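Student: I should like to learn how to read the features of a structure I have not seen before. May we go through them one at a time?

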Amino acid sequence: MKKPFRRAFIEITNSCDLACGFCASTSRPKADMPLELFESAAAQAGELASVIFPHLLGEPLTHPQFPEILGACSRLGLKVNLVTNGALLDKFGPGVFRESSLGQVSVSLQALSCLPPARRAESLGRLLGFALRKPPGLTISFRLRGEPSDPFIKETKKALLEVLAMEGACEKAGDGLKLREGVYLNFGSIFDWPGGAGGKPKKGCLGLRHHFGILSDGRVVPCCADFDGALALGNIRESPLAAILSGPAALALRDSIAGKTPMPAYCASCGFTAPDS
């Protein structure tokens, strides 16, 4: 049976091991979601969404119980897409990437740009090795956001193609490239976070239609970019997730975000927008 949402973003931590200039900075205290709360969040979200992303703000691999979190998803029969900056892939050993729940690892390569050159080269080398030795069936998606003319973008793309492209060739795959079986390179621009000054015209967004989020404290937010809970709808510690997402406040906000009614001011500067269609 088709589920009403494609993605559920569960923020298992808002801590990060890096401090990238393009990322949002939260006003919340640093916190890891307790394993018990995650299991409740994942069980409820799994009834509603096709894929779980253990991420909203922060680096998931900084959570000390990350292997147990993936194990819980496997027991629940959930499909997981891990979004990571890639710097801590060796932290828990290779076995963690063989969990049955884990279908994809998406690596945000632009995080490497904030590292000193020597560490950047070392980190990229480890990521290339990870892609070459990945478990069968696991998809690796390298994300490279920025201007194509940026020297960092050009150098990083060149390194990936030289090492990972089979026989020096690769296939087009959507907006990116298929480098080899199960390994992809996707491109995009650096996006603007919501809540900033100014704004830009937009027709609508996919929050509460395509996806929703749960912050590390249990608050339910309409999208993957509401990193401080500005538009929080309730808390799963107090109410069931399904009731929060089907309540009148969520339905009204969904129409507002979609552009059917005036859009929330908080969304004006956000770079995530729905397709024109």
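Student: Which residue just after α2 takes a positive phi?

Tutor: The model is a predicted one. In it, Gly 77 has a positive phi of about 70°, just after α2.

Student: How is the helix α2 itself to be read, and how many of its residues are buried?

Tutor: Let us begin with the general idea. An α-helix has 3.6 residues a turn, so residues three or four places apart point the same way. In this structure, helix α2 covers residues 66-75, and seven of its ten residues are buried, so the helix is largely enclosed by the rest of the structure. The buried residues are Phe 66, Ile 69, Leu 70, Gly 71, Ala 72, Cys 73 and Ser 74.

Student: Which elements do the buried residues of α2 pack against?

Tutor: They pack against the helix α1 and against two strands, β3 (80-84) and β4 (102-108).

Student: Let us turn to charged side chains. How many salt bridges does a search of the whole structure find?

Tutor: The general idea is brief. Side chains of opposite charge can pair when their charged atoms come close. A search of the whole structure gives nine salt bridges. One of them joins the side chains of Arg 28 and Asp 228, at 3.5 Å from N to O.

Student: Where do Arg 28 and Asp 228 lie?

Tutor: Arg 28 is in the loop between β1 and α1, while Asp 228 is in the loop between β10 (219-221) and β11 (234-235), so the pair ties together parts that are 200 residues apart in sequence. Arg 28 is buried, at a relative accessible area of 12%, whereas Asp 228 counts as partly exposed at 21%. A network of salt bridges links Glu 11, Arg 28 and Asp 228.

Student: What are the N to O distance and the exposure for the pair of Asp 217 and Arg 219?

Tutor: The side chains of Asp 217 and Arg 219 meet in a salt bridge at 2.9 Å, N to O. Asp 217 is partly exposed, with 29% relative accessibility, and Arg 219 is likewise partly exposed, with 21%.

Student: Is Lys 260 buried or exposed, and with which residue does Lys 260 form a salt bridge?

Tutor: Lys 260 is exposed, its relative accessible area being 65%. Its salt bridge is with Asp 255, where the closest N and O atoms are 4.0 Å apart. Asp 255 counts as partly exposed, at 25% relative accessibility.

Student: I should next like to consider the cysteines. How many disulfides does the structure hold?

Tutor: The idea here is to examine the distance between sulfur atoms, for a disulfide requires a pair of cysteine sulfur atoms within 2.5 Å. The structure holds zero disulfides. Cys 224 is in none, and the nearest cysteine sulfur, in Cys 223, is 5.6 Å away. Cys 224 is buried, with 17% relative accessible area.

Student: Why is Cys 16 without a bond to the closest cysteine sulfur?

Tutor: The closest cysteine sulfur belongs to Cys 20 and is 6.2 Å from that of Cys 16, so the two are too far apart for a bond.

Student: Where is Cys 16 found, and which residues does Cys 16 touch?

Tutor: Cys 16 is in the loop between β1 (5-10) and α1 (35-48). Leaving aside residues up to four places away in sequence, Cys 16 touches Gly 58, Glu 59, Thr 62 and Asn 85. Cys 16 and Glu 59 are 43 residues apart in sequence, yet their C-alpha atoms are 4.7 Å apart in space. Cys 16 is partly exposed, with a relative accessible area of 40%.

Student: Finally, how is empty space to be read, and how many cavities of 30 Å³ or more are there?

Tutor: Rolling a probe the size of a water molecule over the atoms shows where empty space is left. The count comes to one cavity of 30 Å³ or more. The largest cavity has a volume of about 90 Å³. Its lining has 13 residues, and Cys 205, Cys 223, Ile 257, Cys 267 and Cys 270 lie nearest its centre. By class, the lining of the largest cavity has eleven nonpolar, no polar and two charged residues.

Student: What is the volume of the second largest pocket, and which residues line that pocket?

Tutor: The second largest pocket holds about 180 Å³ of space. Its lining residues include Leu 89, Phe 97, Arg 126 and Lys 134. The lining of this pocket divides into five nonpolar, one polar and five charged residues.

Conventions
Residues numbered from 1 in each chain as written. Predicted model: local features only at pLDDT ≥ 70, side-chain atom pairs only at ≥ 80, totals over all residues. Heavy atoms only, no water. 1 Å grid on protein atoms, 1.4 Å probe; cavity = no way out; pocket = protein on both sides within 12 Å on 5 of 7 lines; lining within 4 Å. Points joined across faces, edges and corners; volume = space filled by probe spheres on them. Nonpolar A, V, L, I, M, F, W, Y, C, P; charged D, E, K, R; others polar. Helix = DSSP H or I, 4+ residues; strand = E, 2+ residues; numbered from the N terminus. Buried < 20%, exposed > 50% of the residue type's maximum accessible area, 1.4 Å probe, protein only. Contact = heavy atoms within 4.5 Å.
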